[in-house]
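Visitor: I am new to this structure and should like to be guided through it. May I put some questions to you once it is before us?

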Amino acid sequence: MEQSQDTGNRGRVWILGLESSCDETAAAVVEDGRRILSNRISSQVEIHARYGGVVPEIASRCHLELINTLVEQALQEAGLTLDRLSAIAVSHGPGLVGALLVGVATAKALSYAIRRPLIAVNHLEAHFYSNLLSDSDIRFPAVGLLASGGHTALAYIPRPGEILQLGQTRDDAAGEAFDKVARVMGLGYPGGPEIDARAAEGDPAAIDFPRAYLEEESRFDFSFSGLKSAVINYIHNLRQRGGEENLPDLAASFQAAVVEVLVEKTIGAVREKGAATVLMGGGVVANSALRREMRRRLGEECPGVELHYPPARLCTDNAAMVAAAAYPQFLASNFAPLTLNAIPYLQLWAKP
Amino acid sequence: MLILGIDTATRVCSVALLRGDNLLGELTVNIKKTHSGQLMPLVGRLLELCRVEREELEGIAVAAGPGSFTGIRIGVSTARALAQGLAIPAVGVSTLKALAGAVAGVGLLICPLLDARRGEVYAALYRRPAKPPYRLEELVSPGAMELGELLSRAAGYREPVTLLGEGLGTYRREIEGVLGERALPVPLGLNRAALVAWRGRSELEGGLASGYEELVPIYLRRPEAERKLREGR
Ligand SMILES: [Zn+2]
């Protein structure tokens, strides 16, 4: 298929990123993989809240109605027009297939219309690139910890544009465990910020919840379903005996169990790989205990190893990270064909 | 006006180029494969075959539904982004009306129908009057309905019914059971982008098409979760 790829040497690289994998529709323009010129996000959190979780069909419908307008706004804010872009990048997985398809169809048609290359970005990998947008000097190799509502994974990132598998969750993602436990505790959705706030006044050692470290060959994998069940059982037993749970202690103890496992495994990976940096990404990274514990224990056990996590607005899904993740691919002329499809179960280390 | 037609609302993935009332070309694929992977390569190939540069396109017409939710979103998203990228107008066309456009005769009862799953069809019943301007008259408005209900309304006219659309293959036996010899299936009466481009033509040429922002799917059905929430109340 003929597709003109006018990537000529004109100095600056301006990539338009598109994101529609879950319940955030986003478009952004990033310069040279680092500098955010615009970063438009429209969240559907409130629409889905009344359903207690993301409804794929509703998410897909919202994406379609918003995405082109967000592109327009992102360009305007960046002071650019479509014809000045160097490439179009899109998250093509993982995520909700119907939602992803809106972004993928939009990116392909735009790329064709303006004769600019199309770049397929792995949404999970893109989360690590949020760090490159806020910290300019990041040393590699790095270990990446991704913790969000849909995914929990550890990766080895030898250099930008390359990513290798270390481990992932076998059942619930960390953020999912937060949401489910918050629901049983009678807190709102999403559960992460609610639990974080309650935990601030609680004793993390009050209740001894289980930590799943798994067998040696799966030492970098995660499992949170046992912990989730333990918390739910604890609450049910307490209520059956007519007792009432101490919300702050419960929140703090649950959170401490999640955080300990995430930190312990990350540190194990840093040691084994001799990494210079830890890059964190995903919505759960907004959790204050995770940031605090990771910093404390890295400082004590791996001096010299740097920790990076994005500012709150770049922790959740956004399109700037998609454009940033596309940059190394742009430099390598790693472009996607117009047959590009959404891949709902794309793995973190899968290369498009 | 050079119009690109797109139809991905059913199992058919189809693109067409229409210049005035002349069909330059059409590529139609009716196999079980994802429209997402096929659509843009088909557009690219069609333009190549017709020796048309993408910048020459002047308008886009897309089957906006009813049909498969995912299918119409692929078509409409593509149409919106092409319109945005090329800075040209785009219109959404009813899948059912586009189908009805395949039947040229006057005075006939025309019934386009698509399988809507869950025991329902997306359908409508039209008649093209015998007097100018021959605009389709709507006897049963487009919607998701039970096949039995549609057939009994159609049978009530005691006239032959011209039927077309993907639902025909699925429900042939039920249709013949009710309409008997009055059921007249249109040969090869499937969705095609040429019909969509044709249907969108007057709106585009008349300068009545709005920007891509106004181009939204015609679902004719609420999301399942929304319906359950309403019924639960
Ligand atoms: Zn994400």
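Visitor: Is Arg117(B) buried or exposed?
Guide: This is a predicted model, and its values are computed from the predicted coordinates. Arg117(B) lies in the loop between strand 6 and strand 7 (120-127) of chain B. Exposed means a relative accessible area over 50%. Arg117(B) has 63% relative accessibility, so the residue counts as exposed.

Visitor: What is the phi of Arg117(B)?
Guide: Arg117(B) is not a glycine, yet its phi is positive. The value is about 60°.

Visitor: Where is Arg158(B) placed, and why does it count as exposed?
Guide: Arg158(B) also has a positive phi, near 50°, in a residue other than glycine. It is found in the loop between helix 4 (147-155) and strand 9 (161-164) of chain B. The cut-off for exposed is over 50%. Arg158(B) is therefore exposed, with a relative accessible area of 68%.

Visitor: Is Val103(B) buried or exposed?
Guide: Val103(B) is found in the loop between helix 3 (95-100) and strand 6 of chain B. Its C-alpha is 9.1 Å from that of Leu164(B), although the two are 61 residues apart in sequence. Buried means under 20% relative accessible area. With a relative accessible area of 6%, Val103(B) is therefore buried.

Visitor: Which residues are the protein donors of the zinc ion?
Guide: Along the chain, the donors follow the spacing H-x3-H-x189-D. They lie 2.1 Å from the zinc ion. The two histidines contribute NE2 atoms and the aspartate contributes OD. The donors are His123(A), His127(A) and Asp317(A).

Visitor: Which helix holds both His123(A) and His127(A)?
Guide: Both of these histidines are buried. They are four residues apart, about one turn of the helix. The helix is helix 4 (residues 123-134) of chain A.

Visitor: Why does the largest pocket lie between two domains, and which are they?
Guide: The largest pocket has a volume of about 1200 Å³. Its lining takes residues from both domains of chain A, so the pocket lies between them. They are domain 1 (14-128 + 315-331) and domain 2 (138-312).

Visitor: Which helix gives the largest share of the lining of the largest pocket?
Guide: The largest pocket is lined by 42 residues, and among those nearest its centre are Cys22(A), Ser148(A) and Asp179(A). Helix 4, helix 5 (174-184), helix 6 (191-199) and helix 10 (312-315) of chain A each supply at least two lining residues. The largest share, six residues, comes from helix 5 of chain A.

Visitor: What is the volume of the second largest pocket, and which residues are closest to its centre?
Guide: The second largest pocket has a volume of about 1000 Å³. It is lined by 43 residues. Those closest to its centre are Thr10(B), Arg11(B), Ser68(B), Arg117(B) and Glu166(B).

Visitor: Which residues does the cis peptide bond in chain A join?
Guide: Omega of this bond is about 5°. The proline lies in the loop between helix 4 and strand 6 (142-147) of chain A. The bond joins Phe140(A) and Pro141(A).

Visitor: What ipTM does the predictor give the complex?
Guide: Chain B averages a pLDDT of 95, and 100% of the residues score at least 70. For the complex, the predictor gives a pTM of 0.92. The ipTM is 0.96.

Definitions and conventions
Residues are numbered from 1 along each chain as its sequence is written. Chains are lettered from A and ligands numbered from 1 in the order in which they are written. This is a predicted model: local features need pLDDT of at least 70, side-chain atom pairs count only at pLDDT 80 or more; totals for chains, interfaces and linings use all residues. Side-chain values use heavy atoms; hydrogens and water are left out. Donors are N, O and S atoms within 2.8 Å of the metal (3.2 Å for Na, K and Ca); water is not among the atoms, so sites may look incomplete. Buried means under 20% relative accessible area, exposed over 50%, partly exposed in between (1.4 Å probe, protein chains only). On a 1 Å grid over the protein atoms alone, a cavity is a set of points where a 1.4 Å probe fits but cannot get out, and a pocket is an open set with protein on both sides within 12 Å along at least five of seven lines; lining residues have an atom within 4 Å of a point. Grid points are joined across faces, edges and corners, and a volume is the space filled by probe spheres set on the points. Domain bounds come from an automatic or database domain assignment. pLDDT is the predictor's confidence in each residue, from 0 to 100.
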